[in-house]
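Trainee: Could you walk me through this one before I go back to the bench? I would like to start with how the pieces are named.

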Amino acid sequence: MRRLPVYFLLDTSGSMNGEPIQALNNALSGMINTLRSDAQAVETLWISIITFDRVVNELIPLTELPMFQLPEIVCPQSGPTSTGKALELLYEKVNKDIRKGTPTQKGDWRPLLFIFTDGKPSDLQLYAEMLPKIKSMNFGAIVGCAAGSSADNSKLKELTDTVVHLDTADSSTLKQFFRWVSDTIEQGNKSMGTTDNVAMPPPPSEVHLVI
Amino acid sequence: MVDIKMYINSLFNAKNILIPTTKQNLLDEFVRSVDCQEAVNSIIENQNFIMEKWKIKNRVADIISHQIVIPNGTIGKHYEAKIDFNKLNFTDLLFETFEGLEELGLSFNKVNSAIEGTPTQSGDFKIKLIFKIKGESESTSPNEKLISLIINPDPKSLWKDIPSDTNDLFWKKDDVTEAASLGDRHIVVASKRGRSHENVGSFRDDDFAYKYFEKTGWSVVAVSDGAGSYSLSRIGSQLACNAVLDYFENHHDVEQNKEFESKLIAFNESKDEMLLKEIEIASKQNLYKATLHVHNKIKEHAEITSKEHPELFNNPKAKTLLDYYHSTLIFALFKKYEFGYVLQTFGVGDCPIAIMNKDQSQTTLLNWLDVGEFGGGTRFITQPNIFHSKEHPMASRFNFQIVTDFSYLFLMTDGIYDPKFVVEANLEKNGKWIEFMEDLQGNNEDNLKVDFDYSNTEISNQLSNWMDFWSQGNHDDRTLAIVY
């Protein structure tokens with residue numbers, strides 16, 4: 001059976017403290033519930049969550065959806081945004097987790113990456129170093145999401161062409177966004193050319209695609 | 001026994017009452033008084049009572065806040081979650097009961113200390129552990145601890161079956177199954193819309209076609225799988241199969257075929273390797289023309305359709321019109337001669353062609369598969385670069401075989417190969433093909449059987465029923481053609 005691995009990189013830096021982190025928790029749990037009732041997702045989806053603030057933490061290692069349990073995501077009251085470090089951990093994990101197709105092993109579907117941030121990387125040099133490495137990993141799709149006024153679209157743009165901007169990180173906007181994320185995930189297991197990317201469904205109105 | 005005097009002393013100390021040495025005797029007398037002794041004993045008792053109460057309250061709070069994680073369940077699947085109170089360090093816990101299990105189809109087995117049963121409801125639940133701890137009095141009401149329990153729905157129940165839109169310009173039948181004679185043999189074939197398509201009401205992308213050509217005596221079977229991510233691939237696969245037939249029906253040069261056959265007969269007598277080389281080259285040249293014909297037929301359709309229905313060509317990912325039609329293609333051409341069967345095959349994509357010899361001791365995979373490092377990555381007849389790829393030369397996609405006889409010739413899409421063979425390496429193992437045949441002949445969960453007797457008129461329905469097998473995570477279109 002082919003797995004569809006999906007990685008979430010979530011910003012839990014100080015600025016997320018309060019309502020935003022609450023909204024993020026609600027939206028994630030809503031998304032997981034939606035996916036649990038999706039026939040395709042139940043059988044193929046594997047999810048991992050990595051959080052980043054001052055430290056980077058593999059909150060949930062790659063886990064199949066039926067076994068998945070979402071813990072409450074918390075964040076410190078203040079502190080930097082180690083986006084680069086998060087990409088570094090992601091690079092290591094993806095290399096370890098992903099099964100490539102060989103004559104004796106069924107390959108996974110190309111993994112998807114969603115990176116959510118409300119600020120900009122504090123570790124710019126490492127971030128820049130990680131960009132080409134992450135791009136070389138053959139993700140089926142990388143979606144960057146910048147939430148709130150102080151989120152930096154341009155840094156995410158260096159990582160992926162698909163960057164969406166949310167004006168606020170409130171509950172209803174995040175819910176919309178993660179509904180779109182689950183729609184995108186449902187696109188992730190179709191046959192395509194060897195180098196094609198996953199087709200994105202049109203984003204909801206609250207979500208602005210950054211061109 | 002409490003030292004009453006010490007207690008009084010420390011009480012007075014705490015209250016800043018100093019007893020001068022001159023009054024020590026008075027104090028001693030005071031301490032000895034019955035009233036005082038009773039009062040102190042009662043204070044101590046009350047203190048002990050308060051401390052014990054607090055200890056219990058604190059402990060109960062700790063137990064309630066200690067997270068117990070139990071695995072998720074699935075409707076209809078046996079569930080067992082051990083709750084080891086000792087391991088949790090809940091040795092002082094006096095278990096009473098679990099609330100909320102019964103309505104989920106579960107119960108708590110005290111012997112194994114486990115939540116067991118077969119869940120009947122899906123959702124995000126909180127079950128209640130009702131308990132007391134040692135030291136709590138009979139009369140106090142028991143404590144409640146909430147434990148999260150997620151029950152997944154039965155995956156089978158989640159699949160919807162939405163019919164495809166019959167008004168669509170390029171509608172195609174969801175399921176097709178046929179049986180017929182083909183040259184001197186028989187063919188049974190079924191092509192069924194996958195659950196992933198049924199679930200959203202989209203079309204079957206797979207297709208097949210077969211024909212015996214009286215003019216030349218050759219028979220051909222073609223199978224194609226349209227790429228799920230492209231909107232017109234169901235037409236691509238249909239066009240591809242039909243164009244193969246069209247080529248061998250209308251464009252196969254009869255004179256050239258005669259020459260080809262006389263070389264075959266000559267080779268059978270002389271066993272001249274040079275002659276065999278010539279035959280193989282001629283075969284490749286002929287099949288190459290067929291594949292080019294297919295490619296061009298699809299291109300033609302794309303060009304006409306894009307003019308008539310430009311609105312269908314709106315995918316920003318597509319680089320050429322042909323991309324909308326992306327389809328894999330395999331086909332096998334066979335003919336019986338006095339000395340045996342001659343087979344000519346072609347394959348692009350991830351669908352296998354295999355032939356099993358007469359006594360079933362050997363099965364040969366006749367093509368190599370275009371499978372990428374990642375699922376879904378493959379190559380298509382609609383990609384111009386397959387015709388001149390240096391990395392994967394077109395010539396390597398053709399195969400030429402002479403066999404004395406065969407029991408079965410298989411052509412299938414990945415919808416069959418993925419669940420039944422899983423990986424490429426298994427396609428080269430005769431044992432796996434024997435298992436596959438046993439599966440077809442009834443060795444399966446549903447005891448569904450396909451009877452390959454020429455007199456069996458029900459064979460196409462049998463194959464169609466067999467093809468509905470359940471395989472987790474494998475819900476692509478399924479197409480299987482067997483020449484027997």
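Mentor: Helices and strands here are DSSP runs, with at least four residues for a helix and at least two for a strand, and they are numbered from the N terminus. Keep in mind throughout that this is a predicted model.

Trainee: OK, so how many helices and strands are there in chain B?

Mentor: Chain B has 11 helices and 19 strands. Its radius of gyration is 39 Å, well over the 23 Å that the globule rule gives for 484 residues, so chain B is more spread out than a compact globule.

Trainee: What does the C-alpha trace of chain B span along its principal axes?

Mentor: The spans are about 140 × 50 × 45 Å. Of the 484 residues in that chain, 35% count as buried, and among its contacts between residues at least 6 apart in sequence, 68% join residues at least 24 apart.

Trainee: And how many residues of chain B are in contact with chain A?

Mentor: There are 33 residues of chain B in contact with 33 residues of chain A. On the chain B side, β7 (143-152), α4 (155-158) and β16 (377-378) each supply at least two of the touching residues. By class, that side of chain B has 13 nonpolar, 16 polar and 4 charged residues.

Trainee: Switching to chain A, is strand β5 enclosed or open, and why?

Mentor: Strand β5 of chain A covers residues 141-147, and 7 of its 7 residues are buried, so the strand is largely enclosed by the rest of the structure. Both of its faces are covered, with Ala141(A), Val143(A), Cys145(A) and Ala147(A) buried on one side and Ile142(A), Gly144(A) and Ala146(A) buried on the other.

Trainee: Which way do β4(A) and β5(A) run, parallel or antiparallel?

Mentor: The two strands run parallel and are joined by 6 bridges, and one pairing to look at is Leu113(A), whose bridge partner in β5(A) is Ile142(A). Between these strands the chain crosses from β4(A) through α4(A) to β5(A), and this β-α-β crossover is right-handed.

Trainee: What about β6(A), how many bridges does it share with β5(A)?

Mentor: Strand β6 of chain A, residues 162-166, pairs with β5(A) over 5 bridges, in the parallel sense. There, Gly144(A) stands opposite Val163(A) of β6(A).

Trainee: Now helix α3 of chain A: how far does it reach from its first C-alpha to its last?

Mentor: It spans residues 83-97, which makes 15 residues, and reaches 20 Å, close to the 21 Å expected at 1.5 Å a residue.

Trainee: Which of its residues are buried, and what covers them?

Mentor: The buried residues in α3(A) are Thr83(A), Gly84(A), Lys85(A), Ala86(A), Leu87(A), Leu90(A) and Val94(A). Their cover includes strands β1 (4-11), β2 (45-52), β3 (56-64) and β4 (112-117) of chain A, together with helix α4 (124-135) of chain A.

Trainee: Last topic, the backbone of Lys271(B): what is its phi?

Mentor: Phi of Lys271(B) is near 55 degrees, which is a positive value in a residue other than glycine. Lys271(B) sits in the loop between α7 (254-270) and α8 (273-308) of chain B, and it counts as exposed because it has 9 C-beta neighbours inside 10 Å, where the cut-off for exposed is 12 or fewer.

Trainee: And Val422(B), where is that one?

Mentor: Val422(B) lies in the loop between α9 (414-421) and α10 (430-440) of chain B. Its phi is also positive, about 65 degrees, although Val422(B) is not a glycine. With 17 other C-beta atoms within 10 Å, Val422(B) is partly exposed.

Technical notes. Residues numbered from 1 in each chain as written. Chains lettered and ligands numbered in written order. Predicted model: local features only at pLDDT ≥ 70, side-chain atom pairs only at ≥ 80, totals over all residues. Contact = placed C-beta atoms within 7 Å. Nonpolar A, V, L, I, M, F, W, Y, C, P; charged D, E, K, R; others polar. Rg over C-alpha atoms; globule rule 2.2 N^0.38 Å. Buried ≥ 20, exposed ≤ 12 C-beta atoms within 10 Å, placed from the backbone. Expected span 1.5 Å × (residues − 1). Pairing = 2+ DSSP bridges. Right-handed = clockwise from strand over helix to strand, strands pointing away.
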